[in-house]
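Dear colleague,

I am passing on a structure that you may wish to look through, and my notes on it follow below.

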Amino acid sequence: MNIAMIGSGYVGLVAAACLAEIGHNVICVDNDARKIEALSAGSEVIHEEFLPELLARHRGRRLKFTTSLHHAVRPSEIVFIAVGTPPCESGEADVSFIENVCRDIAAEINGHGPKTLVVKSTVPAGTSDWIRSVLVRNGVPASNFELASNPEFLREGSAVTDFLYPDRIVIGSSSATGTELLRRAYLPLTSGSYHGCVSRVPQPDDSCSPAKLIVTKPATAEMIKHASNAFLAMKVSFINAVANVCEAVGADVEELVQGMGSDRRIGTRFLKAGIGYGGSCFPKDVSALRAVAEDRGCDFQLLDEVMRINENQRKAFLHRVRDALGNLKGKRLAVLGLAFKGGTDDVRESPAIALVQSLLHEGCTIQAYDPAAMERAREEFAPNGKITFASSAYETARNADALLVLTDWEEFLTLDFARIRSLLRQPILFDGRNLYNPDRMQDLGYFYFSVGRREIA
Ligand code: NAD
């Protein structure tokens, strides 16, 4: 099939590369000319496992890049919209990027339809109807386009395998033609016939069966995405609240999760205590769903609590650092991890960045290291010399008063902590992601602080 992907960010680019991988011809559009130039030249624009391989395999063949909506939309049967939907001040999702794209598309499909427009961006329930009205207002007869919602569930850090081996594919459409076209587009994933260059990474509780196809109304599809992210955020806040009680009563949250998660109705996934969730999705999607509920007069204060607990979790971590180190002014702190989670270079709404900002505000000097996110992180800080970026985890630790681990990168699991201890001024370790075994850290001579477990001091 011929497909256009409008928006070549974390979602659009991965989706486009994967759709090319399963046999489609995809033209990626972005209005960021530098990004398109870099993509056309083969440069890496985001850090994502397996993406370089897919891009190298399909670039210039089944996968093309352009800044011209015209060139992408005209030859395509399906036009995906994957532009950003950032939060407004009020917490509602800002759908102005989608509106701009729809206006531009309207000019392209007038007289060149019918086209199937598919919204992949995360949007509030009701957006499909609103898009229809935007297109009609811009002169496109309703008979000239089909509309579908197809929310994306990939996670940064494992985006390619998530896209190619999803648990489910959701199509929200009131048009049989649009649904049928998407059904065909995703057939290699729903039939299990995709056996390309990226293999499945088995997950705990993974049935390894092909993706389940869920066809529903657009508003339901839109709600599935918001409710899924809000639920996952709630799990994180729940376990963080439980972790705080664990600390108060002398229990261990990691052992608790094993006990709790052994119940198959609960499971252990996403019950990870730490400094809270972040990223470009959970915070904005929780507040967007909260705003939708409020707008419709529905009680959903549970989401306020989810957000409040998440915010407090960071503050509590900061207090812990302050309690252990005393006055932070002039302290030199080593920070491992700046991305909002391991496996990505994305620092949007990163709890690690927020914590580093607070520490800088308190007068600390920071030496930081992240395997992929340092370039993006640099842009988040004023160039005032109070933060420097090290070339390795070990360099970060040199002469620091304490080490803070803020992102769950896999490579942080296998660091040589005896070596790190010899580089630190004081063997103090704050683990914001519960990555390490407290007994082991005690054996290595650390004062070790984590979340919801006994302190070793
Ligand atoms: P992003 O900011 O990385 O990418 C959006 C891209 O759209 C940018 O490259 C931007 O330049 C481009 N763009 C904006 N306006 C445009 C226009 N008029 N024409 C062409 N290009 C335009 O955002 P993202 O993380 O890829 O998220 C996109 C959507 O997908 C959001 O709604 C998000 O909530 C949703 N989503 C994101 C994730 C994730 O993990 N990042 C997962 C699932 C869903």
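What share of the contacts in the chain with a separation of 6 or more comes from residues 24 or more positions apart? Such residues account for 72% of them, two residues being in contact if their C-beta atoms, placed from the backbone, lie within 7 Å.

Please note that this is a predicted model, in which local features need pLDDT of at least 70 and side-chain atom pairs count only at pLDDT 80 or more, while totals for chains, interfaces and linings use all residues. Residues are numbered from 1 along each chain as its sequence is written.

Of the 457 residues, 47% count as buried (20 or more other C-beta atoms within 10 Å of the residue's own, with exposed meaning 12 or fewer and partly exposed in between, and C-beta atoms placed from the backbone).

The record from UniProt, an unreviewed entry, gives the feature "binding site" at twelve positions that include R155, G278 and K341; UniProt positions follow the numbering used here, feature names are shortened, and annotations may be inferred rather than shown by experiment. These positions span 189 residues in sequence and their farthest two C-alpha atoms are 24.1 Å apart, so they do not all gather at one spot.

Two of these positions are described further here. R155 lies in the loop between strand 6 (145-149) and helix 7 (159-164), where helices (H or I, at least four residues) and strands (E, at least two) are DSSP runs numbered from the N terminus, and R155 counts as partly exposed because it has 15 C-beta neighbours inside 10 Å. G278, in the loop between helix 11 (253-261) and helix 12 (282-295), is buried, with 24 other C-beta atoms within 10 Å.

Best regards
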